[in-house]
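Okay, thanks for making time, everyone. I'll put the structure up and then talk through the ligand sites and some helix packing.

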Amino acid sequence: MADITAIKLNSNVKLQMGTFHVAVWGCQMNVYDADRIRDLMTASGYVEQNEPKGADVIILVTCAVRAKAEDKVFNQLGSWRHQGIINDDTVIALGGCVGSELAHQIIEIDPKIAIVFGPRTAHKLPAMVAQYRATHESVVDVNAEALEKFDALPEQGQRGPSAFVTIMEGCSNNCTYCIVPHTRGGEESRPEQDIIDEVITHVANGVKEIHLLGQNVNSYRGLDANGNVSRLSSLLYEIAAIDGVERLRFTTSNPMEFTDDIIQAIADLPVIADSIHIPVQSGSDRILKLMHRDYTADSYRELIRKLRQARPNIFISTDIIVGFPGETDEDFAQTMQLVDDIKFDASFSFIYSKRPGTPAAEYEDNVPLEHKRQNLYALQAKLEEYATMYSQSLMGTRQRVLVEGISRKSDQELKARTSNNRIVVFEGSRDLVGQMVDIDVIKVMSHTMKGRLVGQGMNLS
Ligand code: 5AD
Ligand code: SF4
């Protein structure tokens with residue numbers, strides 16, 4: 001175990017506090033939080049290791065959105081213990097959404113967990129670790145002001161050509177199935193200038209693509225430099241104007257607040273990527289109402305029509321929940337119909353999972369699990385057909401791609417992402433990593449594509 005009395009002498013000379021490993025589950029907001037935790041721990045004198053074995057501190061950034069996601073973290077800890085990867089000296093810090101959902105209960109479930117933190121208290125981790133090491137008493141702290149962590153975090157480390165930037169924390173929509181308003185708290189937007197400063201720092205570090213994040217980015221309402229409320233559309237224009245931002249994405253968009261000013265920004269700003277994620281959840285108005293989603297299947301269709309008019313090449317992806325309490329075959333058929341009407345290019349679909357404390361957990365659920373499973377498979381088969389159709393439509397096209405790194409399968413190949421969020425691998429030299437280049441799509445596989453760098457005559461097929 002590392003020496004806890006080690007202190008940070010000055011910004012250039014740091015004594016080593018020990019090693020840490022971060023494991024992350026769940027959404028992109030968690031990926032952002034995990035990266036910021038890495039920055040923080042490193043700035044506090046800890047050294048990151050990619051493998052859990054032997055790490056002094058193991059930090060788990062968890063997801064509570066479905067019961068399965070929640071179980072994963074406890075299963076992972078069990079298997080690491082069983083394999084001797086962690087032992088009684090390992091300081092285990094469990095955080096993220098399961099941290100704030102279960103808080104003190106976590107120590108009852110697993111007394112060997114030393115620290116429990118939440119999405120809002122991630123910035124306190126080094127102090128919590130120091131406190132635990134000094135006292136050997138468990139430390140649970142999941143409550144803080146929503147935006148406190150952003151002020152307390154060090155400057156971001158450099159991690160490739162695409163960077164997440166969180167623009168708001170929490171969600172105030174209270175969809176009846178969702179635990180997020182409880183785990184991440186109510187919606188709060190970061191001030192516009194803080195976001196712009198973060199983007200400028202990224203671009204200065206060579207980042208080309210900015211991905212704005214929030215549970216509900218369409219309801220962004222941060223203050224601008226004059227103290228006026230700025231909406232997502234204004235933020236998009238501001239960020240698009242920053243020199244060096246070559247591609248801009250934003251996730252997750254709620255259909256409820258996808259106002260015409262945002263659609264206009266998409267029409268006006270070519271830097272916004274050709275891909276947008278808009279969870280629909282269900283095609284049945286009755287179920288949408290029970291979910292407390294304030295739109296109808298037809299208003300969703302109309303939104304997509306307007307978006308496609310504004311940006312004909314835009315790819316639309318979605319989330320769908322199957323087997324919400326009381327979902328009938330007729331409700332499910334309406335979801336299938338909506339999928340046929342919209343033809344999503346990509347999607348995530350899930351069986352409804354009852355989350356404690358949410359309103360839907362009290363609803364009567366008389367649909368057998370096996371029936372829900374059958375419906376999920378039927379839905380996924382249809383979604384897969386459309387995803388394949390979209391991939392095939394890219395065959396032979398020229399695409400501007402951002403080169404993210406070396407392909408995992410072959411170090412002769414580079415891995416890049418198209419504007420419409422498809423992965424392409426192609427032969428090219430390593431110094432293209434981090435650059436935007438043009439490729440021709442020469443082969444389409446089920447989830448990736450092969451390309452040829454424009455201006456090079458190699459045959460890769
Ligand atoms: N059960 C199943 N899926 C859920 N999601 C959120 N809560 C639940 C739940 N209780 C899904 C929604 C959301 C995505 C992130 O997770 O589809 O858009
Ligand atoms: Fe959950 Fe609804 Fe908020 Fe999304 S919009 S995080 S589904 S409450």
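So, for the ligand sites, when I say a residue is around a ligand, I mean that one of its heavy atoms lies within 4 Å of that molecule. And keep in mind that this is a predicted model.

Let's start with ligand 1. Which residues are around ligand 1? Going along the chain, we've got Val65, Arg66, Tyr177, Pro279, Gln281 and Asp319, then Ile321, Phe350, Ile351, Tyr352, Ser353 and Arg355.

Some of those come with polar contacts. The side chain of Gln281 puts an N or O atom 2.7 Å from an oxygen of ligand 1. Asp319 also uses its side chain, with a polar atom 2.6 Å from a ligand oxygen. With Ser353 it's the backbone: a polar atom there sits 2.7 Å from a nitrogen of ligand 1.

Okay, ligand 2. Around this one you'll find Cys171, Asn173, Asn174, Cys175, Tyr177, Cys178, Val180 and Pro181, plus Gln215, Asn254 and Arg293. What's the class make-up of that shell? Six nonpolar residues, four polar and one charged. And yes, you've heard Tyr177 already: it's listed around ligand 1 and around ligand 2.

Now the helices. I'll hang this part on H12, residues 297-310.

One partner is H10, residues 260-268. The axes of H10 and H12 come within 8 Å and cross at roughly 25°. Under 35 degrees counts as roughly parallel, so that's what we call H10 and H12. The crossing is right-handed. On the H10 side, the contact is made by Asp260, Ile263, Ile266 and Ala267, and H12 brings Leu303, Lys306, Leu307 and Ala310. By class, that's six nonpolar and two charged residues, with no polar ones.

The other partner I want to show is H13, residues 329-342. Here the angle to H12 is about 10°, and the axes are 11 Å apart. By that angle, H12 and H13 are therefore roughly parallel too. H12 passes H13 in a right-handed crossing. Who makes the contact between H12 and H13? From H12 it's Ala297, Tyr300, Arg301, Ile304 and Arg308; from H13 it's Gln337, Leu338, Asp341 and Ile342. The class count for this contact is five nonpolar, one polar and three charged.

That's what I have. Over to you for questions.

Conventions:
Residues numbered from 1 in each chain as written. Chains lettered and ligands numbered in written order. Predicted model: local features only at pLDDT ≥ 70, side-chain atom pairs only at ≥ 80, totals over all residues. Heavy atoms only, no water. Axes fitted to C-alpha atoms, helices over the stretch in contact; angles between N-to-C directions. Helix = DSSP H or I, 4+ residues; strand = E, 2+ residues; numbered from the N terminus. Parallel < 35°, antiparallel > 145°, perpendicular 65-115°, else oblique. Left-handed = near helix turned anticlockwise from the far one by under 90°. Contact = heavy atoms within 4.5 Å. Nonpolar A, V, L, I, M, F, W, Y, C, P; charged D, E, K, R; others polar. Polar contact = N/O pair within 3.5 Å; in protein donor to acceptor, adjacent residues only side chain to side chain.
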